[in-house]
Amino acid sequence: MAASSGGKKLLPEPSKGTSAASAHSSILRKSSSEKPVTEATGSGSKSSRNEDLHSVLVTSVLNLERLDLDLYSNEHSNRCTFTGTHHWVPRSRMLFGGQIVGQALVAAAMSVSENIYAHSLHCYFVRAGDPKVPVLYQVDRIRDGKSFSVRSVKAIQHGNPILICQSSFQRKMESPIHHQFTMPVVPSPNELLTQEELIQKYLRDPALTEKYKVGLTKLLAEEVPIEIKPINPPEYYRRVALESKQHFWVRARGYIGEGNMKLHCCVAAYISDYSFLRTALLPHFQYKVKFMASLDHSMWFHAPFRSDEWMLYECESPWAGSCRGLVQGRLWKQDGVLAVSCAQEGVFYVKPSAAESKL
Ligand SMILES: CC(C)(COP(=O)(O)OP(=O)(O)OC[C@H]1O[C@@H](n2cnc3c(N)ncnc32)[C@H](O)[C@@H]1OP(=O)(O)O)[C@@H](O)C(=O)NCCC(=O)NCCSC(=O)CCCCC(=O)O
């Protein structure tokens with residue numbers, strides 16, 4: 001669907017060599033001089049898989065096209081180099097929930113003034129997203145108060161909503177009332193392997209069965225625009241009930257830069273849904289998932305952060321039952337500041353899994 005003649009592209013597609021900042025010099029992002037991409041990481045270059053050093057989350061996935069006032073589409077991406085109209089789609093073949101939430105927050109953020117920032121969002125995933133067609137985002141300006149603005153966004157495909165998302169934005173305000181939990185003590189990112197390095201380590205195990213080789217190789221080939229460093233990952237062949245908790249370091253793949261906090265909140269919305277729901281399955285190794293999907297997703301943004309810098313994702317599932325599971329998460333900056341809190345319920349339909357070793 002080409003943008004309507006009246007609609008201008010909100011974020012001109014970055015031409016070859018255009019830095020993300022100049023392509024993003026619009027509502028979501030104050031134009032800022034791009035720093036050279038020289039970010040040092042524990043594992044040397046940012047990522048050997050990054051042909052485009054600027055995060056694809058910024059240059060494409062969250063770069064919506066304005067079709068009309070308060071109406072956006074992600075359709076432009078099918079003119080990019082990606083297959084289809086969406087950058088990465090999970091093997092479930094439903095649109096990744098984090099993508100729809102992140103894009104809905106982009107659409108909402110484009111309708112509020114520059115000096116207020118997202119502090120919370122609450123969504124329901126009401127239909128599975130179709131990876132074969134673009135998504136339209138319709139923004140409803142619910143209220144603009146002195147300190148808070150509230151938006152409701154409908155993500156639409158085939159004329160039906162797939163997601164409804166309410167978000168609230170607040171003007172910067174100081175307060176003497178402030179507290180937070182203490183960040184968990186875990187190994188630093190530099191001491192850990194990335195998810196890809198772990199998979200490559202598992203694949204080198206001569207005893208690994210063909211079935212798991214295929215699965216791990218497929219996982220390795222996925223172009224997920226997120227980098228992950230699991231902490232104490234379970235041995236892939238262990239079939240034991242684990243505590244419904246997991247910690248991993250996470251960041252956007254590629255460079256984003258200081259930019260605008262609205263942009264980093266949209267990227268965090270994308271990141272927060274990855275590998276989140278499966279926390280609820282960790283104790284239930286004896287069951288195989290037939291169907292699994294996020295039902296809702298809530299986030300609270302507490303303090304400024306950089307979504308392209310390592311953050312600790314502390315995930316736990318306090319409850320599961322009635323084919324549902326609840327997961328709660330906290331994203332911590334490396335300096336110990338609690339940046340974001342998340343919560344989500346998902347639906348699981350399972351069957352007993354055949355007791356077989358992965359070796
Ligand atoms: C499916 C939703 C959530 C509910 O809609 P509803 O119409 O009520 O569907 P269900 O009746 O629940 O059926 C859905 C589906 O499941 C099959 N089903 C139903 N009951 C059972 C059962 N007891 N045992 C086995 N299978 C069952 C049934 O066959 C249905 O399939 P179908 O009818 O053949 O289609 C609906 O609201 C919905 O889809 N919402 C959108 C959910 C969504 O898209 N979420 C975001 C994407 S999921 C995600 O991104 C997170 C992935 C997590 C992965 C990770 O953590 O790494």
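**Close-up views of a predicted model**

**View 1. The shell around the ligand mixes residue types.** The residues of this shell divide into 13 nonpolar, three polar and four charged. The model is predicted. The ligand has 20 residues around it. Among these, G97, F125, R278, S294 and Y349 come nearest. Which strand gives the largest share of the shell? Strand β9, residues 287-294, does, with five residues.

**View 2. The ligand lies between two domains.** Domain 1 spans 56-171, and domain 2 spans 195-352. Why is the ligand placed between them? Both domains give residues to the shell, so the ligand lies between the two.

**View 3. Ligand oxygen meets polar backbone atoms.** At G97, a polar backbone atom is 2.9 Å from an oxygen atom of the ligand. At S275, a polar backbone atom lies 3.5 Å from an oxygen atom of the ligand. For L277, the distance from a polar backbone atom to a ligand oxygen is 3.5 Å. How much of the ligand's accessible area does the protein cover? On its own, the ligand has 1,100 Å² of accessible area, and the protein covers 57% of that.

**View 4. Aromatic rings form a cluster.** Seven aromatic pairs occur in the structure. Ring pairs link W88, F96, Y270 and Y274 into a cluster. Two values describe a pair of aromatic rings: the distance of the centres and the angle of the planes.

**View 5. Lysines lie over the ring of Y117.** Which part of K172 sits over this ring? The charged end of K172 does, 4.2 Å from the ring centre. K262 also lies over the face of Y117. Here the distance to the ring centre is 4.9 Å.

Notes:
Residues numbered from 1 in each chain as written. Predicted model: local features only at pLDDT ≥ 70, side-chain atom pairs only at ≥ 80, totals over all residues. Heavy atoms only, no water. Near = heavy atom within 4 Å. Polar contact = N/O pair within 3.5 Å; in protein donor to acceptor, adjacent residues only side chain to side chain. Areas by Shrake-Rupley, 256 points an atom, 1.4 Å probe, with all protein chains shown as cover. Helix = DSSP H or I, 4+ residues; strand = E, 2+ residues; numbered from the N terminus. Nonpolar A, V, L, I, M, F, W, Y, C, P; charged D, E, K, R; others polar. Domains from an automatic or database assignment. Phe/Tyr/Trp six-rings, centres within 6.5 Å; stacked < 30°, edge-to-face > 60°. Lys NZ or Arg CZ within 6 Å of the ring centre and 35° of its normal.
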